[in-house]
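Hi,

Here is the structure I promised to pass on to you. Have a look at it first, and then read my notes underneath.

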Amino acid sequence: MKVESVLDLIGSTPMVGIHELSPNPNVKIYLKLEGQNPAGSIKDRIALALITDAEKRGVLKPGGTVLESSSGNTGIGLAMVCRLRGYRLVVVVADNVTKERIDLLKSFGAEIIFSPGKLGSNGAIVRAKELSANNPEWVLLYQYGNEANSLAHEETTGPEILEDCPEIDIFVAGLGTSGTLMGVSRFFRKAKPEVKIVAVEPPTGESVTGLRSLDDGFIPEIFDAELIDRKIMIRSQESLEMTRELLNTCGIFVGVSTGAVVAGAVKQAQQMDSGTIVVISPDSGWKYLSAGVWTDSLDDVVSTSETINFW
């Protein structure tokens, strides 16, 4: 493959079978490796889409300042795009995200404003809105309410999945901003309506790395419940166990949210006679090494997950 810009490498990510983890030999499970995007996560897709949309609408001018709240992945993707397109980027980040994410944001030139870690991503959202109100010349992209988020997945992620795996029966992804689920669902509602869309989320009040529960009080504006066929609850320990299992059994080094959605896919497979499941892996494991996900005792990592914001 030969491209003219690193931005041309966004998308067209590979898909790999993880059938060893399926509880039913008649159910195949494939994992789409979004960590293969140039800045390391599925958020590269929406970063490019959000910036391009703001440019087309005329709200983002040459040399302008972009503002967004993020726990890392969206911010890192935006930092890459902004660096290449000449924009200043200000990212609001909870002060308990992993060190690797902060280092990557700084490496790409992003300016970081911290929000209290105990308030999680919701606190970062509130702080970003305050900054936007006080700095009206800044462009708040607001991934949670920006339709360019889900449109990126409707136009790229969904078609890629169908092209690589036309036999797909079930699509599974984690519930975060909900952009991936909404966009892929809209695509399949048109292209292959029989495909069922499954969202993975934590139980109410419990922190699961990479996921959010809608019952905890914040519902992204782009979320549409009618585009989801089923929700599966996954707890923090389950997600961490599966993250390790993916490495130990399949040799796949991915982030903790991938462990959660794969655990959800395994539960889905238990209820099927046969078929094919496609699961989104949002990122690889590099940004989680300092949290001891693979090296510390499981009890210690579960305890740590209550104080570190992985999302």
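Let's start with one cysteine: cysteine 165 counts as buried because its relative accessibility is 1%. (Buried means under 20% relative accessible area, exposed means over 50%, and partly exposed is in between, with a 1.4 Å probe and protein chains only.) Cysteine 82 counts as buried too, because its relative accessibility is also 1%. How many disulfides does a search of the whole structure find? Zero, where a disulfide is a pair of cysteine sulfur atoms within 2.5 Å. For cysteine 165, the closest cysteine sulfur is in cysteine 250, and at 16 Å that is too far for a bond.

Before you go further, a word on what you are looking at. This is a predicted model, so local features need pLDDT of at least 70 and side-chain atom pairs count only at pLDDT 80 or more, while totals for chains, interfaces and linings use all residues. Residues are numbered from 1 along each chain as its sequence is written, and side-chain values use heavy atoms, with hydrogens and water left out.

Now the sheets. Helices (H or I, at least four residues) and strands (E, at least two) are DSSP runs, numbered from the N terminus, and two strands pair if DSSP finds at least two bridges between them. One open sheet has six strands in the order E1-E2-E10-E7-E8-E9, and its pairing is mixed. Its edge strands are E1 (15–17) and E9 (230–233), each of which pairs on one side only. On average, and ignoring direction, neighbouring strands of this sheet are turned by 25 degrees against each other. (Axes are lines fitted to C-alpha atoms, for helices over the stretch in contact, and angles run from 0 to 180 degrees between N-to-C directions.)

Inside that sheet, E7 (residues 170–174) and E8 (residues 196–201) pair in the parallel sense over five bridges. Phenylalanine 171, for instance, has isoleucine 197 in E8 as its bridge partner. Helix H6 (residues 179–191) packs on the sheet, touching E7, E8 and E10 (275–281), and its direction makes about 165 degrees with that of E7. Contact here means heavy atoms within 4.5 Å. Helix H8 (residues 256–269) lies across E2 (27–33), E7, E8, E9 and E10, running at about 165 degrees to E10.

Try finding valine 198 in strand E8. Is valine 198 buried or exposed? It counts as buried, because its relative accessibility is 2%. Leaving out residues up to four places away in sequence, valine 198 touches Ile170, Phe171, Val172, Ala173, Leu181, Arg230, Ile232 and Gln268. Valine 198 and alanine 265 are 67 residues apart in sequence, and their C-alpha atoms are 8.5 Å apart in space.

The other open sheet to look at has four strands in the order E5-E4-E3-E6, with parallel pairing. E5 (111–115) and E6 (139–140) stand at its edges with a single partner strand each, so one side of each has no neighbour in the sheet. E4 and E5 run parallel and are joined by five bridges; one pair of bridge partners is alanine 94 and serine 115, the latter in E5. H3 lies across E4 and E5, at about 145 degrees to E5.

Next, the cores. A nonpolar core is a set of buried Ala, Val, Leu, Ile, Met, Phe, Trp, Tyr and Cys residues joined through side-chain atoms within 4.5 Å. The largest one has 30 residues, of which Ile51, Leu60, Val66, Val81, Leu89 and Leu141 touch the most other members. Helices H1 (43–56), H2 (73–85), H3 (99–107) and H5 (147–164) and strand E4 (88–94) each give two or more residues to this core. Valine 81 touches Leu7, Ala47, Leu48 and Ile51, not counting residues up to four places away in sequence. Apart from this core lies another, of 27 residues, including Ile234, Ala265, Ala269 and Met272.

Last, two residues with an unusual backbone angle. Most residues other than glycine have a negative phi. Serine 12 is not a glycine, yet its phi is positive, about 50 degrees. Serine 12 sits in the segment before E1 and counts as exposed because its relative accessibility is 60%. Tyrosine 142 also has a positive phi, near 50 degrees. Tyrosine 142 lies in the loop between E6 and H5 and counts as buried because its relative accessibility is 13%.

Happy browsing!
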